[in-house]
Amino acid sequence: MPAVSVDEILTLDPIDAPPPDVPARPVRRVSTAPSGYEGEGFPVRRAFAGAPQELLDPFIHMDQMGEVEYAPGEARGTPWHPHRGFETVTYMLDGVFEHRDSIGNGGVITDGATQWMTAGGGILHIERPPDYLVRSGGLFHGVQLWVNLPAADKMIPAAYQGIEAADVRLARSADGGVLLRVVAGDVAGVHGPGATHTPINYVHATVAPGAELVLPWRADFNALVYVLSGEGYVGPEKQPIRTGQLAVLEPNHPGPIVVTAAHHQESRHEALDVLVLGGRPIGEPIAWQGPFVMNTKAELQQAMEDYHRGKMGVIPD
């Protein structure tokens, strides 16, 4: 799992320590992501399945794509499809994804890079492995997160930001046992590069065997810990957690997030890798159908009509 890393972790600045004598956030619930297929048939874990939407707000949906080693000719992507009313955040850990959209953006997402697309009032886009990867096969592993937009921003113009691996802010725990990659938000004195319409934090942490992450967290943000790979514990109660599981922590709590890696990890991965996510809940009604996330059923119907009338753009030549 390369993402972005460093040779000497102690050269990085340590994160801020949490306030003293504040208990860690307790765990509300742990769920296991079911497996499925997306697009033209690439395997995913549905990370948020089983978690109540009110505890996820402002997040809507998250897929862990892979981790899979494709044989020659097996790699798959998604066909052209529309979105309205939210943002997609595609973070690649291993492998390569190409993307294009109907407003002229395009490029490549690879190890440690992020494509942040604001669908706003409507956009068409496509994501697929490049032809050479389809021919050769290879490792593919990424995550796509859907971030809701508040009602006032659902119809803003579509936009795009590309966050390269070199743009991600790196930090460490005081003892050097944890490497943190901050993609967005202000976390423990580290400011990520992602520009957000809804205040959120997005952190990828690698926790060495036996090490512990104690991460200060805003009390008004919810808190989610998703295990990309490995085994460990979360919260003051040391709730066991493993690959493909999501821990939802108690909302409205001033304490830090605590994640501890088990001393013995699985043979394929040397450490515990987690995504730590949180944001300020929007608190508005959600009407969600397929690629559209709006506030009412009438707005969903309008989105479908606008798509079929070509109002979300056209597929480029």
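How many aromatic pairs does the count come to? In this predicted model, the count comes to four aromatic pairs.

**Close-up A. Aromatic cluster of Phe86, Trp146 and Trp288.** Phe86, Trp146 and Trp288 are linked into a cluster by ring pairs. Rings are taken to pair if their centres lie within 6.5 Å. Trp146 also appears in the pocket view, where Trp146 belongs to the lining of the second largest pocket.

**Close-up B. Open sheet of four strands.** The strands follow the order β5-β10-β7-β8, and their pairing is antiparallel. Because β5 (81–83) and β8 (106–109) stand at the edges with a single partner strand each, one side of each is left without a neighbour in the sheet. From one strand to the next, the twist averages 30°.

**Close-up C. Pairing of strands β7 and β10.** Strand β7 (residues 97–101) runs antiparallel to strand β10 (residues 123–128), and four bridges join them. Arg100 has Ile126 in β10 as its bridge partner.

**Close-up D. The second largest pocket and its lining.** This pocket holds about 270 Å³ of space. Its lining comprises 16 residues, and those nearest the pocket centre are Glu38, Thr78, His81, Gln144 and Trp146. By residue class, the lining divides into five nonpolar, seven polar and four charged residues.

**Close-up E. Strands that contribute to the lining of the second largest pocket.** At least two lining residues come from each of β3 (42–46), β4 (59–70), β5 and β11 (138–148). The most is given by β4, which supplies three residues. Strand β5, which takes part in this lining, is also an edge strand of the sheet in the second view.

How values were computed
Residues numbered from 1 in each chain as written. Predicted model: local features only at pLDDT ≥ 70, side-chain atom pairs only at ≥ 80, totals over all residues. Heavy atoms only, no water. Phe/Tyr/Trp six-rings, centres within 6.5 Å; stacked < 30°, edge-to-face > 60°. Pairing = 2+ DSSP bridges. Axes fitted to C-alpha atoms, helices over the stretch in contact; angles between N-to-C directions. 1 Å grid on protein atoms, 1.4 Å probe; cavity = no way out; pocket = protein on both sides within 12 Å on 5 of 7 lines; lining within 4 Å. Points joined across faces, edges and corners; volume = space filled by probe spheres on them. Nonpolar A, V, L, I, M, F, W, Y, C, P; charged D, E, K, R; others polar.
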